[in-house]
Amino acid sequence: EWTEKETDILLDDLMDAALGTIQGGQDTTTTTTNNNNQQQQLITDYELSQIVLVPTSDWDSNLLGLGSRYDVYDGQQRLVTLNLLLASLRDSFQLEATSSEGSS
């Protein structure tokens with residue numbers, strides 16, 4: 001069960017990845033020079049970890065065609081948290097767009 005702590009860690013990791021400021025032993029880095037001519041390592045790749053899916057037994061390929069249905073075996077909390085985060089960002093962008101249309 002995830003708590004606010006795990007959610008904060010995930011959000012911090014995503015923010016760091018987006019800004020390229022994750023520290024650690026990753027080998028996918030790019031060296032850049034900032035305004036003070038100091039070199040710094042920026043991460044150019046981020047791995048969220050794996051999500052494990054298992055096929056369900058109730059999928060009838062003859063009736064429903066190609067494909068399959070899967071249950072999430074590992075990674076449910078990450079998926080739910082990411083979906084909630086994306087929904088929150090969507091709502092925030094929609095609110096911002098609506099308020100900027102009203103003020104122009």
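Which backbone oxygen does the side chain of Arg78 reach? In this predicted model, the side chain of Arg78 comes to 2.7 Å from the backbone oxygen of Gln50. Arg78 belongs to helix H3, and a good way to get to know the structure is to start from this residue and work outwards.

Arg78 has a relative accessible area of 12%, and because this is under the 20% cut-off, the residue counts as buried. Leaving aside residues up to four places away in sequence, its contacts are Trp2, Leu48, Ser49, Gln50 and Ile51. Gln50 thus appears both among the residues touched by Arg78 and as the owner of the backbone oxygen that its side chain reaches.

The helix that carries Arg78 spans residues 76–103. H3 is made up of 28 residues, and the distance from its first C-alpha to its last is 41 Å, close to the 40 Å expected at 1.5 Å a residue. Along H3, Thr81 and Leu82 are buried, as is Arg78. The partners against which the buried residues of H3 pack are helix H1 and strand S4, the latter covering residues 70–74.

The pairing with H1 can be described in more detail. Helix H1, residues 4–19, packs against H3 at an angle of about 65°, and the two axes lie 11 Å apart. Their crossing is right-handed. On the H1 side, Thr7, Leu10, Leu11 and Leu14 make the contact, while H3 contributes Thr81, Leu82 and Leu85. Sorted by class, five of these residues are nonpolar and two are polar, with no charged residues taking part.

Terms used:
Residues are numbered from 1 along each chain as its sequence is written. This is a predicted model: local features need pLDDT of at least 70, side-chain atom pairs count only at pLDDT 80 or more; totals for chains, interfaces and linings use all residues. Side-chain values use heavy atoms; hydrogens and water are left out. Axes are lines fitted to C-alpha atoms, for helices over the stretch in contact, and angles run from 0 to 180 degrees between N-to-C directions. Helices (H or I, at least four residues) and strands (E, at least two) are DSSP runs, numbered from the N terminus. A crossing is left-handed if the near helix is turned anticlockwise from the far one by less than a right angle, and right-handed if clockwise. Contact means heavy atoms within 4.5 Å. Ala, Val, Leu, Ile, Met, Phe, Trp, Tyr, Cys and Pro count as nonpolar, Asp, Glu, Lys and Arg as charged, and the others, Gly among them, as polar. The expected span of a helix is 1.5 Å times one less than its number of residues. Buried means under 20% relative accessible area, exposed over 50%, partly exposed in between (1.4 Å probe, protein chains only). A polar contact is a pair of N or O atoms within 3.5 Å; within protein, one must be able to donate a hydrogen and the other to accept it, and residues adjacent in sequence count only if both atoms are side-chain atoms.
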